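Please open the model in your viewer and keep a selection panel at hand. The stops below say what to select next and what is to be found there.

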Amino acid sequence: MSDATPSREAAGAGEPAPGRRLALNLGLYTLARLALVVLITALIVGVARLVGVQIPVVVAALFAIIVAMPLSLTLFKSLRSKVNEDIATVDQKRRQDKARLRARLRGEDDDPA
């Protein structure tokens, strides 16, 4: 269990651990996309009421989801790229840990120092 301590100490210098950073960025990206859907839904319902047309909120929300999908790809590109980078970092760490464990199971010395 002492293998996890150095990475936490190295990441503890003001920057969260990769998994925590991934969860934070993924949460922000999800909230941003949901807020966009809510905003577009409100816009559709508001414009429909101004014109004098009655549109059910469910129909407006479904249309908002369809519109928000491609729109969020361009509007939230930086958040999406941060999430992709964090996924790659976490995946790389998982691969290294897996290789280290396999080396230990084979009886090899995994200490590069």
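Which residues are linked in a network of salt bridges? Select Asp91, Arg94 and Arg95, for these are the residues that the network links, a salt bridge being a side-chain nitrogen of Lys or Arg within 4 Å of a carboxyl oxygen of Asp or Glu.

Before going further, note that this is a predicted model, in which local features need pLDDT of at least 70 and side-chain atom pairs count only at pLDDT 80 or more, whereas totals for chains, interfaces and linings use all residues. Residues are numbered from 1 along each chain as its sequence is written, and side-chain values use heavy atoms, with hydrogens and water left out.

**The whole chain**

Colour the chain by secondary structure, and four helices and zero strands appear, in the order α-α-α-α along the sequence; helices (H or I, at least four residues) and strands (E, at least two) are DSSP runs, numbered from the N terminus. Of the 113 residues in the chain, 19% are buried, where buried means under 20% relative accessible area, exposed means over 50%, and partly exposed lies in between, with a 1.4 Å probe and protein chains only. With a surface displayed, the accessible area of the chain is about 8,600 Å², and carbon and sulfur atoms account for 65% of that area, as computed by the Shrake-Rupley method with a 1.4 Å probe. If you draw the contacts (heavy atoms within 4.5 Å), then among those between residues at least 6 apart in sequence, 71% join residues at least 24 apart.

**The charged network in helix α4**

Return to Asp91 and show its side chain together with that of Arg94: the closest N and O atoms of this salt bridge are 2.8 Å apart. Why are the two separated by about one helical turn? Arginine 94 and aspartate 91 are three residues apart in helix α4, residues 77-106, and are therefore about one turn from each other. Now add Arg95, which forms a salt bridge with aspartate 91 at 2.9 Å between the closest N and O atoms; these two lie four residues apart in helix α4, again about one turn of the helix. Aspartate 91 is partly exposed at 22% relative accessibility, arginine 94 is partly exposed at 44%, and arginine 95 is partly exposed at 47%. Side chains of opposite charge can pair when their charged atoms come close.

Next, select Arg106 and Glu108, whose closest N and O atoms are 3.0 Å apart in another salt bridge. Arginine 106 counts as exposed at 55% relative accessibility, while glutamate 108 counts as partly exposed at 42%. The structure holds six salt bridges.

**Along helix α2**

Select residues 18-51, which form helix α2. Helix α2 has 34 residues and reaches 49 Å from its first C-alpha to its last, close to the 50 Å expected at 1.5 Å a residue, the expected span being 1.5 Å times one less than the number of residues. The buried residues of α2 include Arg21, Asn25 and Tyr29, and what covers the buried residues of this helix includes α3 and α4.

Within the helix, pick Thr41, which is buried with a relative accessible area of 10% and touches Val57, Ala60, Ala61 and Ala64, not counting residues up to four places away in sequence. Then move to Val45, which is buried at 14%, and place a distance label from its C-alpha atom to that of isoleucine 55: the two residues are ten apart along the chain, and the label should read 6.5 Å. Just after α2, glycine 52 takes a positive phi of about 95 degrees.

**The nonpolar core**

For the last stop, select Ile40 and Phe76, which touch the most other members of the largest nonpolar core, a set of 14 residues. The elements that give two or more residues to this core are α2, α3 (57-75) and α4, and the largest share, eight residues, comes from α2. A nonpolar core is a set of buried Ala, Val, Leu, Ile, Met, Phe, Trp, Tyr and Cys residues joined through side-chain atoms within 4.5 Å. Around isoleucine 40, show Ala64, Val67, Ala68 and Leu71, which it touches when residues up to four places away in sequence are not counted. In soluble globular proteins, nonpolar side chains tend to be buried together.
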